Amino acid sequence: MLGWEFPPYKSGGLGTACYGLTKALSKKDIDILFVIPRAPFEIKSEYVNLILADRFITPNFREIKVASNLTPYLNFEQYSKLGSIGQVGSGFEPNYGRNLMEEVERYTELARAIAMKFKFDVIHAHDWMCAKAGLAAKEVSGKPLVVQIHATEFDRTAGFPNQIIYDIEKEAMSRADKVVAVSNFTKGMIVRHYGIPDEKVKVVYNAVNFGEGKELEQRDDHVNLKWTDKVVLFLGRITIQKGPGYFLEAAKKVLEIDPNVKFVIAGSGDLMPSMVEKAAQLGISKNVIFSGFLRGKEVDAAFKMADLYVMPSVSEPFGISPLEAMKNGTPVIISKQSGVSEVVKNCLKVDFWDVDEMVNMIIGVLNYKKVGEEMSKLAFKEVMGITWNDSANKLVKLYRELMS
Amino acid sequence: MVSVCFYFQVHQPNRARKYRIFDIGKNHDYFDARGNKEILERVAQKCYLPTNRLMLDLFKRHPEFKVSFSFSGVVLEQFEALHPEVLDSFKALVKSGHVELISETYYHSLAFLFSKPEFVAQVKQHQNKIKRLFGQTPSVFRNTELIYNNELAEMIGDLGYRGILAEGADKILGWRSPNFIYSSPGKNKVKLLLKNYRLSDDIAFRFSNHDWGEFPLTAPKFARWVNKANGNGNVVNLFMDYETFGEHQWPETGIFEFLEHLPEEILKFEDNDFVTPSEAIARYKPLGVFNSPEIISWADVERDASAWVGNDIQKAAAEYIYEIRNEVLKTKDAGIIEDWRKLQTSDHFYYMCTKWFNDGDVHKYFNPYDTPYDAFINFMNILNDLLLRIEAISKKPLKGKKIEEFRLKFKREANG
């Protein structure tokens, strides 16, 4: 499996999905060889230690770390910035690619070498940066390739794809033996924008837990923050895909009606500076808090103190965060342009562009307390039934079909 | 002999329009006139008009064939305003002498569960409407969604009715058959006709279900099943939505052909006939007492009121609307009173139902909301506006548990 580093490493939903799927798969009757890009300097960071402590160990799970600067969601611009802050050519590994594409090529060649050295029956690659490596592994081994799409270039760019990345995605999906989409929403994109035949794409939903029955933990009534205001949370990368601008526009309209609300934006991303600016332009800076990127327990704490979580994504292939919110007992509003809206019932659903409706729902949940209580009570039960085990079972079935 | 008693429910609610927070205090138009009109038009073309044509024809061909209808007051209002042609076709059926009309609450409401005075007021309002439109005075009652308990029987008996239609719920009947007349346990000894839910639902729900072992259902087969009650029952009560014909079951399923041949197939068996509810209770003696201290209804597997007031948001919304009754009536404002009553229609609460799974599809029927939570927020926004209108007349803030709980907590301009 060509995947990505697990949380709390800074990898967003892709890392979470890789963690969930591999952990559930490792309990099945299959061996996993998990190949991940890893910049060597990271090994020294405290978070990596955290990961190592958290990593599940089963005899049928082996891991190969490939020295590389690749991380999920990188774009060309961000990759070149990595160089400027001294990580590329920092002495650990002098041969990193000079730009993102070179690095993807380099990773691909490393994967090819690994594929020649090890034995396996099926190749499973996650998203475009790994997909090319998956194709290389397929070339040298002749084994069937599954490409799993967690986000297409159309999602990440809100409809303005980079041609080079689009071409790689298209080639990988066309040459793969099977494509896994994280939702019907994403499957639709793959069929429509990439011309992949409908029957070649299988939907395997993401999940949020491993089926251990748990009671809802204590919620935090934000005493620690000494806030009497209600708290509405945005949590995710601050990128065009996630719709932070719509969140701020809704915030502005909510505050016109009810000034006693705080809007917390948790996450980082390329639109962060412009969102800080936008909040100022809207005159709501006082009520908008940018918390920066949150990890692990901080994420749960953020959900627990929030009265409401809003995911206004413009195009969300799946969206695990709403499930995490539900797990923490937080009422949820999600955009209808998301895969997760196909899966969950006990939440409010809104078109990302319909700011007035979003405001209506936010005010509704904050003021009619019963609705949030009823929703989060049932959502917690609902989310407990959405397990990685179910997702892994679907993958195992798919692998067996490809092997026979 | 077996008597077949048909009762068809005819109802369409005034569905609410999208009513957002911004509308409160500014817009007092709560109902989706256009959407309701479109649905009525669709159901008229698919069900009411063609089925009424067929019924009239069947009455001519089979003098023995008869049925009963219950119309909600709100659907009759919609016919009058939007589709007089449909109303005329129902009037023609009634005039033929083959139809008995049943009494219900004018607003197809849950008033019985929350406010007895309101319940009685709506039953009387409905009685007047039926008399005025059709010239009949119903003597048999059915409550919204067949919601029933012993107390209802007593109240209805006190109002002078002789019979009530109710669900043949297994949890009350036990081993006993629904194919007899029963009586209520109280002093009024009201006669009860109990729905044979197996046979009724074979038509209403299973008719077009290809996975059903008995598919396809034909008129001769169904008539044989009905006839099996012979020797073990007097009356087979087939109760269902009238929209079963052509709307719930589309014409392509063969539902009209089924209906067309059903009377002749049932009459092929010697001594079998058709009765209306009041004929049934006049002809047959009660077999025993149907003792239902608990609430039963015809909905979902639970056969209780949980489809309308099963969760906390449904309960809160219903409690709110009945909590303000006195204040609403005190305004003496016809518009406020009418809006308030239209908001009592059971469908508004049905849309807030969070029981999913098996029954989900039924709950989706013409449901304007994506989720039950949308339905609740919309409803509460409307009630907040209604509250402002009442307070504009009463000149003082209304008090009450639910009012306090759901009043919007921030300053807004009062009703403009």
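**Which residue forms a salt bridge with Glu167(B), and how far apart are the closest N and O atoms?** The partner is Lys195(B), with the closest N and O atoms 3.5 Å apart. A salt bridge here is a side-chain nitrogen of Lys or Arg within 4 Å of a carboxyl oxygen of Asp or Glu. The pair links distant parts of the chain, 28 residues apart. Glu167(B) sits in strand 5 (residues 163–167) of chain B, and Lys195(B) in strand 7 (residues 191–195) of chain B. Helices (H or I, at least four residues) and strands (E, at least two) are DSSP runs, numbered from the N terminus. Both Glu167(B) and Lys195(B) are buried. Relative accessible area sets the classes: buried is under 20%, exposed is over 50%, and partly exposed lies in between (1.4 Å probe, protein chains only).

The model is predicted: local features need pLDDT of at least 70, side-chain atom pairs count only at pLDDT 80 or more, and totals for chains, interfaces and linings use all residues. Residues are numbered from 1 along each chain as its sequence is written, chains are lettered from A and ligands numbered from 1 in the order in which they are written, and side-chain values use heavy atoms, with hydrogens and water left out.

**View 2. A salt bridge joins helix 10 and helix 1 of chain B.** Glu260(B) pairs with Arg61(B), and their closest N and O atoms are 3.5 Å apart. Glu260(B) belongs to helix 10 (residues 255–268) of chain B, while Arg61(B) belongs to helix 1 (residues 33–61) of chain B. The two are 199 residues apart, so the pair links distant parts of the chain. Glu260(B) counts as partly exposed at 26% relative accessibility. Arg61(B) is also partly exposed, at 37%.

**View 3. Glu214(B) and Lys221(B) form a salt bridge.** The closest N and O atoms are 3.5 Å apart. Glu214(B) is partly exposed, with a relative accessible area of 33%. Lys221(B) is buried, with a relative accessible area of 16%.

**View 4. Salt bridges link five residues of chain A in a network.** The members are Glu109(A), Arg112(A), Glu139(A), Glu171(A) and Arg175(A). Over all chains, the count comes to 58 salt bridges.

**View 5. Asn179(B) lies in a loop of chain B.** The loop runs between helix 7 (170–173) and strand 6 (182–183) of chain B. Asn179(B) is buried, with a relative accessible area of 8%. Its side chain makes a polar contact with the side chain of Asn196(B), at 3.0 Å. A polar contact is a pair of N or O atoms within 3.5 Å; within protein, one must be able to donate a hydrogen and the other to accept it, and residues adjacent in sequence count only if both atoms are side-chain atoms. Not counting residues up to four places away in sequence, Asn179(B) touches Asn196(B), Ala229(B), Asn232(B), Gly233(B), Asn234(B), Val235(B) and Val236(B). Contact means heavy atoms within 4.5 Å.

**View 6. Chain B meets chain A.** Chain B gives 28 residues to the contact and chain A gives 25. The size of an interface is often given as the accessible area lost when the parts come together. Here the two chains bury about 2,400 Å², 62% of it on carbon and sulfur atoms. Buried area is the accessible area (1.4 Å probe) that two parts lose on being put together, summed over both. Six salt bridges cross the interface. One of them joins the side chains of Asp370(B) and Lys336(A), at 2.7 Å from N to O. The interface also has 12 residue pairs in polar contact (both at pLDDT 80 or more). On the chain B side, the elements that give two or more residues are helix 13 (312–323), helix 18 (372–394) and helix 19 (401–406). Helix 18 of chain B gives the largest share, seven residues. By class, the chain B side divides into 15 nonpolar, five polar and eight charged residues. Ala, Val, Leu, Ile, Met, Phe, Trp, Tyr, Cys and Pro count as nonpolar, Asp, Glu, Lys and Arg as charged, and the others, Gly among them, as polar.

**View 7. Domain 1 of chain A touches domain 2 of chain A.** Domain 1 covers 12–207 + 387–403, and domain 2 covers 230–384. These bounds come from an automatic or database domain assignment. The C-alpha centres of the two domains lie 28 Å apart. In the contact, 24 residues of domain 1 meet 19 residues of domain 2. The area buried between them is about 1,600 Å², with 63% from carbon and sulfur atoms. The rule finds zero salt bridges across this interface.
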